[in-house]
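Trainee: I have a new model open. Can you walk me through it?
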Amino acid sequence: MALNTRALGNVSVLDLQGRFDAHIAPAVIEWYGRLPTAQVVVNLAGVTFMDSSALAALTGGMKRCRQRGGDMRLYALQQPVQVIFELTRMYRAFEIFATEAEAVASFTR
Amino acid sequence: MERHPDTLRLDLPATNKYLNVLGACLDAFIERINGVAEPRITAYNIQLAVNEIFANIVAHAYGDAPDGRVDVVVMLATDPRRLLIELSDTGSAFDPETVAEPDFEDVQIHGYGLFLARSLLDDVTYVRCPDGNTWRLIKYL
């Protein structure tokens, strides 16, 4: 799993690559603690697998951002990964976009 | 479980570090089975379900203690064709009856693991044995 962060103005972008599971989730949660902003976009284009611990890491991060007046938005979910969002109905909790531009622009709506 | 010659057996350390190894083995095992409908999706969903049970064992049976082991047996049975997967550990007992169904009206962070396994497989059975726990999973193919 590769984890990279970028800043686009006031938005923090987290690029995740590979397998996002219970082994990786703690590193992502730790990353939230270092965020300079509560406006976060997570790039899931390269994520090939996600389990419930990964989903918990995203959900916890989203709640944390909202408590701080921001939000966490997702983009580019690949087809296999969508199953966990569908079964848990978490697609209703997150704002999910097709592209990074749409996800970042959503903070200026 | 009656052992077929092609039965796969893994003896894994009870740590989430090996989830990728378990997942890769399951993928490769299922890839060898002919005529599976939507093989990539089927393999992914089975991998996700087994991942959830394994992570549940790590967290609850062993409480993240570093020295536990998980014995995983995977076999293809026939009539009807089905994948049988057993995960056994020597950790603490688990009572699946105490696990509540997720509340879909709430944005719940935890508590989806067993629900996902049950949703993605045809049967998920927990058995408390004298020396540990066994999870028996079935997916018809």
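Mentor: We will take chain A, then the contact between the chains, then chain B. Keep in mind that this is a predicted model.

Trainee: Fine. How many helices and strands does chain A have?

Mentor: Chain A has 4 helices and 5 strands. From the N terminus the elements run β-β-α-β-α-β-α-β-α.

Trainee: And what radius of gyration does chain A have?

Mentor: The radius of gyration of chain A is 12 Å. A compact globule of 109 residues would come out near 13 Å, so the value agrees with that. Along the principal axes, the C-alpha atoms fill a box of roughly 30 × 25 × 25 Å.

Trainee: How much of chain A is buried?

Mentor: 37% of the 109 residues count as buried.

Trainee: What about long-range contacts?

Mentor: Take the contacts in chain A with a separation of 6 or more. Residues 24 or more positions apart account for 71% of those.

Trainee: On to the sheet. What is the strand order in chain A?

Mentor: The order is β1-β2-β3-β4-β5, in an open sheet with mixed pairing. β1 (2-8) and β5 (95-97) of chain A stand at the edges. Each has a single partner strand, so one side of each is left without a neighbour in the sheet. The twist averages 25° from one strand to the next.

Trainee: Mixed, you said. Which way do β1(A) and β2(A) run?

Mentor: Those two run antiparallel, joined by 7 bridges. A:Arg6 has A:Val13 in β2(A) as its bridge partner. The hairpin of β1(A) and β2(A) has 2 residues between the strands, and A:Gly9 there takes a positive phi near 65°.

Trainee: And in what sense do β2(A) and β3(A) pair?

Mentor: Parallel, over 8 bridges. A:Asp15 has its bridge partner, A:Asn43, in β3(A). β3 (residues 39-50) and β4 (residues 71-75) of chain A also pair in the parallel sense, over 5 bridges. There, A:Val42 stands opposite A:Leu74 in β4(A).

Trainee: Which strands does helix α2 of chain A lie across?

Mentor: Helix α2 (residues 52-67) lies across β2 (11-20), β3 and β4 of chain A. α2(A) runs at about 140° to β4(A).

Trainee: At what angle do α1(A) and α2(A) pack?

Mentor: About 10°, with the axes 9 Å apart; α1(A) covers residues 25-32. That angle makes α1(A) roughly parallel to α2(A).

Trainee: Which residues of α1(A) meet α2(A)?

Mentor: From α1(A), A:Ala25, A:Val28, A:Ile29 and A:Tyr32. Their counterparts in α2(A) include A:Ser53, A:Ala57, A:Gly61 and A:Arg64. The contact divides into 7 nonpolar, 3 polar and 1 charged.

Trainee: Switching topic: the two chains. How many residues does each put into the contact?

Mentor: Chain B gives 21 residues and chain A gives 20 residues. On the side of chain B that touches chain A, α1 (19-31), α2 (39-61) and α3 (113-120) of chain B each supply at least two residues. The largest share, 7 residues, comes from α2(B). By class, that side of chain B has 11 nonpolar, 8 polar and 2 charged residues.

Trainee: I clicked on B:Ile109. Where does B:Ile109 lie?

Mentor: In the loop between β3 (82-89) and α3 of chain B. B:Ile109 is in contact with A:Ala56, A:Thr59 and A:Gly60, leaving aside its neighbours within four places in sequence.

Trainee: Why does B:Ile109 count as partly exposed?

Mentor: Because 16 other C-beta atoms lie within 10 Å of B:Ile109. The cut-offs are 20 or more for buried and 12 or fewer for exposed.

Trainee: How far apart are B:Ile109 and B:Pro130 in space?

Mentor: They are 33 Å apart, C-alpha to C-alpha, and 21 residues apart in sequence.

Trainee: Last one, the sheet in chain B. What order do its strands take?

Mentor: The order is β1-β2-β3-β5-β4, an open sheet of 5 strands with antiparallel pairing. β1 (8-13) and β4 (123-129) of chain B stand at the edges, each with a single partner strand. Neighbouring strands are turned by 15° against each other on average, direction ignored.

Trainee: Any pair worth a look?

Mentor: Try β2 (residues 69-77) of chain B and β3(B), antiparallel over 7 bridges. B:Leu76 has B:Leu83 in β3(B) as its bridge partner. α1(B) packs on the sheet and touches β1 and β2 of chain B. The direction of α1(B) makes about 170° with that of β1(B).

Notes:
Residues are numbered from 1 along each chain as its sequence is written. Chains are lettered from A and ligands numbered from 1 in the order in which they are written. This is a predicted model: local features need pLDDT of at least 70, side-chain atom pairs count only at pLDDT 80 or more; totals for chains, interfaces and linings use all residues. The radius of gyration is taken over C-alpha atoms; the globule rule is 2.2 Å times the number of residues to the power 0.38. Two residues are in contact if their C-beta atoms, placed from the backbone, lie within 7 Å. Two strands pair if DSSP finds at least two bridges between them. Axes are lines fitted to C-alpha atoms, for helices over the stretch in contact, and angles run from 0 to 180 degrees between N-to-C directions. Ala, Val, Leu, Ile, Met, Phe, Trp, Tyr, Cys and Pro count as nonpolar, Asp, Glu, Lys and Arg as charged, and the others, Gly among them, as polar. Angles under 35 degrees count as roughly parallel, over 145 as roughly antiparallel, 65 to 115 as roughly perpendicular and the rest as oblique.
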